[in-house]
Amino acid sequence: MRILFFVFTTAISSFCLAQDDTNNKQVNNIFSIAAGGTPTTAGVIYERILNNRKTSFEIGVGLLGGGLGVNLYQFKSFNPEQINSFLGVRSSFNIQGSGGSKFVNYLLIGVNYLSSKNLYLSIDLGPALIVQLSHNGYPDPNKLLPDYPEYILGVYGGIKFGFGF
């Protein structure tokens, strides 16, 4: 009888532990405050980690613009409490405060980390194609303005601080 009781309690406790691990709530939503990146200046971002945990989609709104982005976790799926590397693409539209407007499109490589307390940090950087759609600021009447749109190659990036839920 003691052996049967021991086997039964061992089986039940391991079943309960397995249930606890599988029912552990996965973080699939991240809300962040960002500088650069999807909102182009400063703003907020909502990121959704898709079910396969190898892809995430984000949308951001900033002071004078907003944009969309996709992240691909190429080496391993997104895991909390681990540093995750990713490749991505972002496209943002920005109305500049002094009058102009531009698109910022960039390919990126980045890393992110989601702590056990669901605090989130992400940094990314990559080559960018900036499309200046109209003149920025007051035009100089003595200077000929370039034809628009104007294409500029550069480097662009972003940093995000947030929390997962």
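## A buried charge network inside an eight-stranded barrel

Let's start with E47, which is found in strand β2, residues 42-49. Keep in mind that this is a predicted model.

**E47 and its surroundings**

Is E47 buried or exposed? E47 is buried, with a relative accessible area of 1%; the cut-off for buried is under 20%. Its side chain makes a polar contact with the side chain of S56 at 2.7 Å, and another with the side chain of Y120 at 3.2 Å. If you leave aside the neighbours within four places in sequence, E47 is in contact with N28, N29, I30, S56, F57, E58, N71, Y73, Y120 and K160. Two of those names, E58 and K160, come back below as members of a salt-bridge network with E47.

**The strands on either side of β2**

Strand β2 has a partner on each side. With strand β1 (residues 29-36), β2 pairs in the antiparallel sense over seven bridges, and A35 stands opposite A42 in β2. The β1-β2 hairpin has five residues between the strands, and G37 takes a positive phi near 70° there.

With strand β3 (residues 55-62), β2 again pairs in the antiparallel sense over seven bridges. Here I49 stands opposite S56 in β3. The β2-β3 hairpin has five residues between its strands as well, and R53 in the turn has a positive phi of about 60°.

**The whole barrel**

Zooming out, the chain has one helix and eight strands, and the order from the N terminus on is α-β-β-β-β-β-β-β-β. The eight strands make a closed barrel that runs β1-β2-β3-β4-β5-β6-β7-β8, with antiparallel pairing. On average, neighbouring strands of this sheet are turned by 25° against each other, direction ignored. Further along the chain, β7 (residues 119-132) and β8 (residues 150-164) pair in the antiparallel sense over 14 bridges; the bridge partner of I130 in β8 is I152.

Some totals help to frame this. Of the 165 residues of the chain, 35% count as buried. Among contacts between residues at least 6 apart in sequence, 49% join residues at least 24 apart. The chain exposes about 10,300 Å², with carbon and sulfur atoms supplying 69% of it.

**The salt bridges**

Which residues are linked in a network of salt bridges? They are E47, E58, R90, D124 and K160. As background, side chains of opposite charge can pair when their charged atoms come close. The count comes to four salt bridges, and the table gives three N to O distances.

| Salt bridge | Closest N and O atoms |
|---|---|
| E58 and R90 | 3.1 Å |
| E58 and K160 | 2.7 Å |
| D124 and R90 | 3.7 Å |

Take E58 and R90, which form a salt bridge. E58 lies in strand β3 and R90 in strand β5 (residues 83-95), so the pair ties together parts that are 32 residues apart in sequence. Both E58 and R90 are buried.

The salt bridge of E58 with K160 links distant parts of the chain, with E58 in β3 and K160 in β8, 102 residues apart. Relative accessible area is 1% for E58 and 3% for K160, and the cut-off for buried is under 20%, so these values count as buried.

R90 also forms a salt bridge with D124. Since D124 lies in strand β7 and R90 in strand β5, this pair ties together parts that are 34 residues apart in sequence. D124 is buried, like R90.

Key: Residues are numbered from 1 along each chain as its sequence is written. This is a predicted model: local features need pLDDT of at least 70, side-chain atom pairs count only at pLDDT 80 or more; totals for chains, interfaces and linings use all residues. Side-chain values use heavy atoms; hydrogens and water are left out. Helices (H or I, at least four residues) and strands (E, at least two) are DSSP runs, numbered from the N terminus. Buried means under 20% relative accessible area, exposed over 50%, partly exposed in between (1.4 Å probe, protein chains only). A polar contact is a pair of N or O atoms within 3.5 Å; within protein, one must be able to donate a hydrogen and the other to accept it, and residues adjacent in sequence count only if both atoms are side-chain atoms. Contact means heavy atoms within 4.5 Å. Two strands pair if DSSP finds at least two bridges between them. Axes are lines fitted to C-alpha atoms, for helices over the stretch in contact, and angles run from 0 to 180 degrees between N-to-C directions. Accessible areas come from the Shrake-Rupley method with a 1.4 Å probe; for residues, only the protein chains shown count as cover. A salt bridge is a side-chain nitrogen of Lys or Arg within 4 Å of a carboxyl oxygen of Asp or Glu.
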